[in-house]
Amino acid sequence: TYSGEIYSVTYIGEEAFSGCSSLTSVEIGNSVTSIGDEAFWHCVNLKKLISYAEVPPVCGSYVFNGVNKQECTLQVPGDCIAAYQQADQWKEFFFIEDLPLGINDVVDDENYNGFSGVYYDLSGRAVENPAKGIYIINGKKVLIK
């Protein structure tokens, strides 16, 4: 999000955060498909890296060089852990965990009947035509009957 506009990022550029010692956590959106050379090179204080991408983004050279991969936790969608454990550079992280949902209760709220915004499934993926079930709407878990 920039100046109130939401942009879909598909690529993190070369050296985008290179040498950023104050960077402690990063969230990579599910639309990112590739990361340029040395994008996070020597981000020595990076402790948490979250990737919402179901397919591990393709990494250029030395993307995470200098990141302490034994101390930095990589969180990814649970059904994608095996893919990250096999993907170049991602597999170097010692702790690869399932993303926490971060939502604790379900709201059965008629205010969302006919909601015209974006529905997300419990893995954080946008859903165009939601059927009955549980979705995330405006940060709340909502039951659609």
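These are my notebook entries on a few things I looked up in this structure, which is a predicted model.

**Cysteines**

I started with the sulfurs. My count of disulfides came to 0. Cys20 is in no disulfide, and the nearest cysteine sulfur to Cys20 belongs to Cys43, 5.7 Å away. A disulfide needs the two sulfurs within 2.5 Å, so I left Cys20 and Cys43 unpaired. Then I checked accessibility. Cys20 comes out partly exposed, at a relative accessible area of 27%. Cys59 is buried, with 18%. The cut-off for buried is under 20%, so Cys59 makes it into that class.

**The open sheet**

Next I traced an open sheet of 3 strands. In what order do the strands run? I read β1-β3-β5, with parallel pairing. The edges are held by β1 (11–12) and β5 (58–59). Each of those two has a single partner strand, so one side of each has no neighbour in the sheet. I looked at the β1 pairing more closely: β1 and β3 (residues 34–35) are joined in the parallel sense over 2 bridges. Within that pairing, Tyr11 sits opposite Ser34 of β3.

**The hairpin**

I moved on to β11 (133–137). Which way does β11 pair with β12, parallel or antiparallel? The pairing is antiparallel, over 5 bridges, with β12 spanning residues 140–144. Tyr135 faces Val142 of β12 there. The two strands make a hairpin with 2 residues between them. I noted the turn residue Asn138, where phi is positive at about 50°.

**Positive phi elsewhere**

I kept going with backbone angles. Glu38 is not a glycine, yet its phi is positive, near 55°. I placed Glu38 in the loop between β3 and β4 (48–51). Its relative accessibility is 24%, which puts Glu38 in the partly exposed class.

Gln89 is another non-glycine with a positive phi, about 70°. Where does Gln89 sit? I found Gln89 in the loop between α1 (81–86) and β7 (95–98). Gln89 is buried, at 15% relative accessible area. I also looked at what its side chain touches: a polar atom of the Gln89 side chain lies 2.4 Å from the backbone oxygen of Gly60. I wrote that distance down next to the 3.5 Å limit for a polar contact.

**The largest pocket**

Last, I went for empty space. The largest pocket holds about 1,000 Å³. I listed 37 residues lining the largest pocket, and the closest to its centre are Ile28, Gly29, Asn30, Tyr52 and Gly124. Which elements give two or more residues to the lining? They are β1, β2 (25–28) and β11. Strand β2 supplies the largest share, 3 residues. So far in these notes, β1 had come up as an edge strand of the open sheet and β11 as one arm of the hairpin; both turn up again in this lining.

I finished with the make-up of the lining. By class, I have 24 nonpolar, 10 polar and 3 charged residues around the largest pocket.

Key: Residues numbered from 1 in each chain as written. Predicted model: local features only at pLDDT ≥ 70, side-chain atom pairs only at ≥ 80, totals over all residues. Heavy atoms only, no water. Buried < 20%, exposed > 50% of the residue type's maximum accessible area, 1.4 Å probe, protein only. Pairing = 2+ DSSP bridges. Helix = DSSP H or I, 4+ residues; strand = E, 2+ residues; numbered from the N terminus. 1 Å grid on protein atoms, 1.4 Å probe; cavity = no way out; pocket = protein on both sides within 12 Å on 5 of 7 lines; lining within 4 Å. Points joined across faces, edges and corners; volume = space filled by probe spheres on them. Nonpolar A, V, L, I, M, F, W, Y, C, P; charged D, E, K, R; others polar. Polar contact = N/O pair within 3.5 Å; in protein donor to acceptor, adjacent residues only side chain to side chain.
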